[in-house]
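Please find below some remarks on the structure, set out as numbered points. They are intended to be read with the model open.

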Amino acid sequence: MAVLSRTNLKRTWYYFRKNGIKAAYLAALERLEDSRKTPYIYQPPSESELQKQRSQPAGDVRFSVVVPAYETRTEYLEALLESVYTQTYPRWELLIADASESAGVKTALEQWTKKRGILLERENADSWKDRGIRYIQLKKNEGISRNTNIGIDHAKGDYIGLLDHDDLLTPDALYEFAAAVEEGKKADLQPQVLYSDEDKCDGPAASFYEPHCKPDFNKDLLLSNNYICHFLAMESALLKKLKLRPEFDGAQDYDLVLRAARQGARFLHVPKILYHWRCHDDSTAANPQSKSYAYEAGKRAVEDFCRAAGWQANVSHLKHLGFYRIDYTEDVLKQRPELGALAAPLTDRKMLRSGIYEEDGKMRYEGLRKGFSGPMHRAALQQDVERADLRSMRVRDELAPLYEEALKRLKKTGGKEEEIRRESVGFCEEIKKAGYQILWDPSESGGQS
């Protein structure tokens, strides 16, 4: 599609200016190879499924959806309103915190609610109203964090979801979150932070692309990139306590989830696309350079996490904007007592052999060309892993005897691939039984960054 081609050309140009011709060539080549794969088609829930959700509510949890608005284009605002109003789950309120200098947002909202036959709720409504919409006129534009915080202060739900003023929810978004909360309650593990998969759409929301199917909570991956992003809903008490911090504007949501993670909040991933991130000329999604300050703010958020954790570390930008690396100035295994081992890629001249084993025994990123960064650039990111090849590990002193025994057993087998995998997985289980985690670092042993 022409729109996507222009977006990709912009990205390639910015990448070239930042990283040089060789890196830009490899990035363009990887993007070209990705474009030849089976195209993505967003499959919305069927009408019968949506009707079933409407007739069988997933629970009684209440959601407040907060939207900070500023001179929002009328067609985008109306689309956002429709995407919330047509939710199959009824227990929600929508709060529009408007910092616009003009009356455009207010007028568009009044016209839309009148057409829909909806009564706008008072800004300081005393009681909860299902499917209620409240307009909050801000006295001045104080930036996205302060503007959003005012909406958060007014929210009355059990959970507060954050929605950008030009994006869209899928019709089942709140239903799926409500169902996840109910399941968590049954297991006595009620989540404090909910997040979903997402994709992007063009300006008219006619085409959908770049689906982001996210992993479950992974602290070190989160420290490398804000993969959680959209759609995010946080337990109201926790969000009202943490708030958004204005000094991190541009990456305020990244700073928020990092602070929640630092406090040990329970994160729950809902593995369904519930959010469409609109990609137009002014958006970060289409033009990474449009908010370069946001990536600096993201770097500062990671640095703040490291300081609060007491780590002696340096944070740097990776080649792709919005992706970071932590280099520890002292041994990471000594600084981070929760880590039992540091794993690295295996040596290979042409392909990345990550040494990370999936549950089915396959190797993650298997066959990825050297210099490529993989889906969502994750092959170039530090991340927590469950299973890794023991031959490329460095372990903490307490685990050294177990490690040496595993290497001895492996040597006796003759080094067959199946035996390597079996011994590696078994040793990783021992690491977990001892209460430790495994950090994989792609740059630890000739990896890429």
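**Remarks on the predicted model**

1. Helix H14, made up of residues 417-433, lies across three strands: S12, S16 and strand S17 (437-440). Relative to S16, helix H14 runs at about 30°. The reader should bear in mind throughout that this is a predicted model.

2. The strands beneath this description belong to an open sheet of four strands, ordered S15-S17-S12-S16, with mixed pairing. Strand S15 (383-385) and strand S16 (393-395) are the edge strands, each of them pairing on one side only. From one strand to the next, the twist averages 30°.

3. Within the sheet, strand S12 (residues 339-343) pairs with S16 in the antiparallel sense, over three bridges. A useful place to look is Ala 341, which stands opposite Val 395 in S16.

4. Two packed helices are described by the angle between their axes and the distance between the axes. Helix H13 (residues 400-413) packs with H14 at an angle of about 165°, and the two axes are 10 Å apart. Because angles over 145 degrees count as roughly antiparallel, H13 is roughly antiparallel to H14. The crossing of H13 past H14 is right-handed.

5. Which residues meet where H13 and H14 come into contact? From H13 come Leu 402, Tyr 403, Ala 406, Arg 409, Leu 410 and Thr 413. Their counterparts in H14 are Glu 419, Ile 420, Glu 423, Phe 427 and Glu 430.

6. Arg 325 deserves separate attention. This residue lies in strand S11 (residues 324-328). Is Arg 325 buried or exposed? Its relative accessible area is 11%, and because buried means under 20%, Arg 325 counts as buried. The side chain of Arg 325 makes a polar contact of 2.9 Å with the side chain of Asp 327, and another polar contact, of 2.8 Å, joins the side chains of Arg 325 and Asp 441. Leaving aside residues up to four places away in sequence, Arg 325 touches several residues, including Asn 314, Val 315, Gln 382 and Ser 443.

7. Most residues other than glycine have a negative phi, and most peptide bonds are trans. The loop between helix H8 (219-224) and strand S8 (232-235), where Phe 231 is found, should be read with this in mind. A cis peptide bond joins His 230 and Phe 231, with omega about -10°. Cys 229 has its place in the loop between H8 and S8, and its phi is positive, near 45°, although Cys 229 is not a glycine. Cys 229 is also buried, with a relative accessible area of 17%.

8. His 377 is another residue with a positive phi, about 60°, that is not a glycine. His 377 lies in the loop between strand S14 (368-369) and S15. With a relative accessibility of 18%, His 377 counts as buried.

9. Strand S2 (residues 92-98) is mostly covered, since seven of its seven residues are buried. In a regular strand the side chains alternate between the two faces of the sheet. In S2, Trp 92, Leu 94, Ile 96 and Asp 98 point one way, whereas Glu 93, Leu 95 and Ala 97 point the other way, and all are buried. Strand S1 (residues 63-69) runs parallel to S2 and is joined to S2 by seven bridges. Val 67 has Ile 96 in S2 as its bridge partner.

Notes. Residues numbered from 1 in each chain as written. Predicted model: local features only at pLDDT ≥ 70, side-chain atom pairs only at ≥ 80, totals over all residues. Heavy atoms only, no water. Helix = DSSP H or I, 4+ residues; strand = E, 2+ residues; numbered from the N terminus. Buried < 20%, exposed > 50% of the residue type's maximum accessible area, 1.4 Å probe, protein only. Polar contact = N/O pair within 3.5 Å; in protein donor to acceptor, adjacent residues only side chain to side chain. Contact = heavy atoms within 4.5 Å. Pairing = 2+ DSSP bridges. Axes fitted to C-alpha atoms, helices over the stretch in contact; angles between N-to-C directions. Parallel < 35°, antiparallel > 145°, perpendicular 65-115°, else oblique. Left-handed = near helix turned anticlockwise from the far one by under 90°.
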